[in-house]
Structures are given as C-alpha cells and as structure tokens.
Amino acid sequence: MRRIGKLVVCGVGLIGGSFALALRRAGMVERVVGIGRSPASLARALELGVIDEAADDWAGALDQADFVLLAAPVGQMETVMAAMAPHLGSATVVSDAGSTKRDVIEAIYRHLGGRLANVVPAHPIAGAEKSGVDAAFASLYQGKKVVLTPLPENAPEAVERVRAAWAACGAVIHQMSAAEHDRVFAAVSHLPHLLAFGLVHDLAGRANAEQLFSYAASGFRDFTRIAGSHPEMWRDICMANRQALLGELDQYLAELAYLRALLLAGDAARLERLFDEARCARNAWAEQQPPLASE
C-alpha cells in the first residue's frame, strides 16, 4: 500500500482514533490531522499522540490531504459533508465509518457529487462500550470485519486504497450493497443495542431499581454491556435505519410472544428444545470468532 502522507480524521474518538493509531503502528501514515466539534477532545487526542495537529476549519484540514476518514456519528454526516465539500481536492480519497450506509450514501450524493470517484463508503465492524479518544487503541480492528459498500461511480484505485488502508489496520475486508448492509446490521447489531438500552431503562425506572441492580450479576452484565455505548451515536443509527430496525423488532416481538405462550402453557419440553437450538447456534458462531483484541 502507498503511504498516506496526510490523513484527516473527522471525529477522533474510539473509531477514528483507533484507525489513526493502527495506521501509525503499520507505518502507513506520515501525518494525522484531527477535526471535530469538541476542541477539548482534539486537545486530548494531541496529548495522547493520536493526532499530530488539530485543525480549526476544513480549508486547512483538507489542504494537501491524501485520505479522509469520516468517523463522526451518522447523524452529523450531512453537516460534515456540506462543510468539507468546497475544500475537497480532486485527488483526496474519502471514506467513512458509519454504521448505516443508505443514509450516508444519500448525503454523499447530495454534497460530494462532484467527487464520487474518490468517495468510498465503509463500515468497520468493531467497537466497545467505551467511547472517546481515551478508549482508542491500535489493535481494535485486528481480525475484525470491515464492509465496503462502493458506489457505481467509484474509481477502482480509490476502492483499492480504502481496502488497503483497512487491511493495514489488520481488518478483514468484505463487500456488499448498502441495502443488504443495513438489513443485516439491523438484525445483528442495531436490534441488540435497542434491546439492551430498553431493558436497562425499564429496570432503572422501577420503584425497586436499586434492589434489582444490587443483585444483578454476570448474566445481566453480559446482556447489557452494550447499553453503556454512546447514546448520541446509537440514537442516530437507530433513526437512520429505523425501517429495517422496525422489521427486526416486529420479528423479535413475535419470538417473545412465542416464548410467552410456552411459559403460559407450562411447555417445558418445547422451551428446552428452543434453548438448545439457540445454544447450538450461538456456540457455533462463537467458535468462528477471532480472539478479542486488547490494548
């Protein structure tokens, strides 16, 4: 892969910061410039050595930029793209780390229509319940999937450069359409987060919440770990992909109704059979997963 001379990261948190650190570790970037809403966050990124420079505006950030990663919450993409568009060079490659793709691509067409050859949508399948640049680490993407959803207008060399950048981070690259991406992740990512937030919110609002939480142990911790994720980011994801998410929620409600019916009928045999089928499917999935990355 050709080294990135100037990398611009918009949103230097867990995702954007880890991308910069991974490329640094791979020796694939010379200089990293951060830009974002919070001066305090950029100052912290400078202090930690995640970025080399904090930009005040897009004109300065994009000057001579080789590669831009948009790692802001998906709800900010529209505003970010509108601000950067007048300053984007013809040779600069742009990608994003948004967890939804159709809404991001619609924003690309609205604001970056003159640069479609070099704007390649992507989604790294990695994260943690902690957020912010303090949570960033270089091995976050090691062995993790990154899904590219290229546009028909993309230049092959731009797609290859985005693919190579994520590969240098240790990621395994996959490709699918934006519509398929949003359907798949509504089921296996967005719905689990919605359920975790909902369960914790329900329990926290009860009169005996303090007592309930005092007895919660490993099962509760495992199920609700992702309820510690960034609220703004997940609000944006759920709203952006709400049609697919509503379909998955309806399907899950039907499953809950079936479980309720088994309990109501006292049908232990069918309940055990369902649990066994779920356990087998879950264990088969877990055995195929790479070891967890750590700092």
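Student: How many bridges join strand 4 to strand 5 in this predicted model?
Tutor: The two strands run parallel. One pair in the register is Leu69 with its bridge partner Ser95 in strand 5. Counted over the pairing of strand 4 with strand 5, the number of bridges is four.

Student: Through which helix does the chain cross from strand 4 to strand 5, and what is the hand of the crossover?
Tutor: The connection is a β-α-β crossover that runs through helix 4. Its hand is right-handed.

Student: Are the faces of strand 5 covered or open, and which residues lie on each side?
Tutor: Both faces are covered. On one side the buried residues are Val93 and Ser95. On the other side they are Val94 and Asp96.

Student: Which residue in strand 6 stands opposite Val94?
Tutor: Strand 5 and strand 6 pair in the parallel sense, over two bridges. Together with helix 5 they make a right-handed β-α-β unit. The residue of strand 6 opposite Val94 is Val119.

Student: Which residues of helix 5 are buried, and what covers them?
Tutor: The cover includes strand 5, strand 6 (119-120), helix 4 (77-84), helix 7 (178-204) and helix 10 (231-240). The buried residues beneath that cover are Asp103, Val104, Ile105, Ala107 and Ile108.

Student: With which side chain does the side chain of Thr100 make a polar contact?
Tutor: Thr100 is found in the loop between strand 5 (93-96) and helix 5 (102-111). Because its relative accessible area is 0%, Thr100 is buried. Leaving out residues up to four places away in sequence, Thr100 touches Val74, His181, Asp182, His190, Ile237, Ala240 and Asn241. The polar contact, at 2.7 Å, is with the side chain of Asp103.

Student: Why is strand 1 described as largely enclosed by the rest of the structure?
Tutor: The description rests on burial, which is counted residue by residue. Strand 1 is largely enclosed because the number of its residues that are buried is seven of seven.

Student: What is the bridge partner of Val8 in strand 2, and which residue stands opposite Cys10 in strand 4?
Tutor: Strand 1 pairs with strand 2 in the parallel sense over six bridges, and the chain crosses between these two through helix 1 in a right-handed β-α-β crossover. Strand 1 is also joined to strand 4, again running parallel, by four bridges. In strand 2 the partner of Val8 is Val33, and in strand 4 the residue opposite Cys10 is Leu70.

Student: Which element supplies the largest share of the largest nonpolar core?
Tutor: That core has 43 residues, and Leu7, Phe19, Tyr141 and Trp166 touch the most other members. Elements that each supply at least two of its residues include strand 1 (4-10), strand 2 (29-35), strand 8 (145-148) and helix 6 (156-168). The largest share is seven residues, and it comes from helix 1.

Student: How many residues make up the other core, which lies apart from this one?
Tutor: Its members include Cys10, Ile35, Ala107 and Leu116. The number of residues in that core is 30.

Student: Is Tyr141 buried or exposed, and what is its relative accessibility?
Tutor: Tyr141 has its place in the loop between strand 7 and strand 8. Neighbours within four places in sequence aside, its contacts include Leu14, Phe19, Pro124, Trp166 and Cys169. Burial requires a relative accessible area under 20%. Tyr141 therefore counts as buried, at a relative accessibility of 0%.

Student: Which strands stand at the edges of the open sheet with the order 7-8-9?
Tutor: This sheet of three strands has mixed pairing. Strand 7 and strand 8 run antiparallel and are joined by three bridges, with Ala122 opposite Leu148 in strand 8. Each edge strand has a single partner strand, so one side of each is left without a neighbour in the sheet. The edge strands are strand 7 (122-124) and strand 9 (172-175).

Student: What is the phi of Gln64?
Tutor: Most residues other than glycine have a negative phi. Gln64, in the loop between helix 3 (58-62) and strand 4, counts as exposed at 65% relative accessibility. Although Gln64 is not a glycine, its phi is positive, at about 65°.

Notes
Residues numbered from 1 in each chain as written. Predicted model: local features only at pLDDT ≥ 70, side-chain atom pairs only at ≥ 80, totals over all residues. Heavy atoms only, no water. Buried < 20%, exposed > 50% of the residue type's maximum accessible area, 1.4 Å probe, protein only. Polar contact = N/O pair within 3.5 Å; in protein donor to acceptor, adjacent residues only side chain to side chain. Contact = heavy atoms within 4.5 Å. Core = buried A, V, L, I, M, F, W, Y, C linked by side-chain atoms within 4.5 Å. Pairing = 2+ DSSP bridges. Right-handed = clockwise from strand over helix to strand, strands pointing away.
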